[in-house]
Amino acid sequence: MDDNHEILVGVAELKTGKAPQIIKTNLGSCVAVCFYANQTQVGGMIHFMMAKVPEDTDRTNIKKAKYADTGIVELLHELKINYGLNVTDLTAKIFGGAKVLKEVTHNIGYDNEVAARNILKEHNIPLLAAKTGGEKGYKIEFNLVTGKVKCQIFGEEIKEY
């Protein structure tokens with residue numbers, strides 16, 4: 001395989017690609033949203049940390065992909081600019097949002113999942129699959145040939161969505 005066959009998405013990053021590429025990430029309380037256009041075998045993934053930009057934040061220098069409210073819209077924009085895709089071309093799958101830090105009382109993962117679902121609803125993008133929550137991290141691989149996502153919760157078997 002050539003070096004650009006696999007695309008790694010880090011924390012607070014978003015990336016796009018085209019078949020035969022595979023987009024991968026590891027998640028805890030963060031959530032990944034995977035967008036896919038079946039007709040063109042193009043997709044994108046965002047790995048965001050928080051549901052929304054805090055009210056008192058200067059938005060000029062923020063890392064958009066850190067937040068659902070700015071990052072998901074940015075990923076949709078990149079898919080449009082790079083591949084000419086509109087929201088009507090896309091379906092979505094979401095993963096992650098685990099409550100991995102037992103000592104933190106606020107469930108950031110749940111907030112992230114709710115934010116992702118609400119943004120998809122606002123844009124009328126069908127959510128085809130979701131594997132979220134729990135207390136363990138996730139490893140996911142998004143295959144841009146098939147649109148399927150292999151998801152492994154740490155310590156468990158791999159499942160395909």
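Which residues in H1 meet which residues in H2? I would like to start there this morning, and I should say at once that what we are looking at is a predicted model. On the H1 side the residues are Ala68, Asp69 and Ile72, and in H2 they meet Ala115, Ala116 and Ile119. Sorted by character, the residues of this contact comprise five nonpolar, no polar and one charged. Helix H1, which covers residues 68-83, packs against H2 at an angle of about 45 degrees, and the two axes are 10 Å apart. An angle between 35 and 65 degrees counts as oblique, so H1 is oblique to H2, and the crossing of H1 and H2 is right-handed.

Staying with H1 for a moment, let me point to Thr70, which has its place in that helix. Thr70 has a relative accessible area of 14% and is therefore buried, the cut-off being under 20%. If we leave aside the neighbours within four places in sequence, Thr70 is in contact with Val53, Arg59, Ile62 and Lys64.

Let me turn to the aromatic residues, where a search of the whole structure finds two pairs. In the pair formed by Tyr36 and Phe142, the ring centres are 5.9 Å apart and the planes stand at 70 degrees, which makes this pair edge-to-face. Because Tyr36 belongs to strand E4, residues 31-37, and Phe142 to strand E8, residues 138-143, the pair ties together parts that are 106 residues apart in sequence. Tyr36 and Phe142 are both buried.

The other pair is Phe95 with Tyr161, whose ring centres are 5.7 Å apart with the planes at 70 degrees, so this pair is edge-to-face as well. Here, too, distant parts of the chain are linked, since Phe95 sits in strand E6 and Tyr161 in the segment after strand E10 (158-160), 66 residues apart. As for exposure, Phe95 is buried at a relative accessible area of 0%, whereas Tyr161, at 24%, counts as partly exposed.

Now to the loops, beginning with Thr40, which is placed between E4 and strand E5 (42-48). Thr40 is partly exposed, with a relative accessible area of 33%, and, apart from neighbours within four places in sequence, it is in contact with Lys18 and Leu85. The C-alpha atoms of Thr40 and Leu144 are separated by 9.4 Å, although these residues are 104 residues apart along the chain. Compare that with Leu101, in the loop between strand E6 (91-96) and helix H2 (108-122), where the C-alpha atom is separated by 32 Å from that of Gln21, 80 residues apart along the chain. Leu101 is partly exposed, with a relative accessible area of 45%.

Finally, some backbone details. As background, most residues other than glycine have a negative phi, and most peptide bonds are trans. In this model, the peptide bond from Ala19 to Pro20 is cis, with omega near 15 degrees, and Pro20 lies in the loop between strand E2 (13-18) and strand E3 (22-27). Ala12, in the loop between strand E1 (6-8) and E2, has a positive phi near 60 degrees, and at 5% relative accessibility it counts as buried. Asn124, in the loop between H2 and strand E7 (127-132), also has a positive phi, of about 55 degrees, but Asn124 is exposed, with a relative accessible area of 64%.

How values were computed. Residues numbered from 1 in each chain as written. Predicted model: local features only at pLDDT ≥ 70, side-chain atom pairs only at ≥ 80, totals over all residues. Heavy atoms only, no water. Helix = DSSP H or I, 4+ residues; strand = E, 2+ residues; numbered from the N terminus. Buried < 20%, exposed > 50% of the residue type's maximum accessible area, 1.4 Å probe, protein only. Phe/Tyr/Trp six-rings, centres within 6.5 Å; stacked < 30°, edge-to-face > 60°. Contact = heavy atoms within 4.5 Å. Axes fitted to C-alpha atoms, helices over the stretch in contact; angles between N-to-C directions. Parallel < 35°, antiparallel > 145°, perpendicular 65-115°, else oblique. Left-handed = near helix turned anticlockwise from the far one by under 90°. Nonpolar A, V, L, I, M, F, W, Y, C, P; charged D, E, K, R; others polar.
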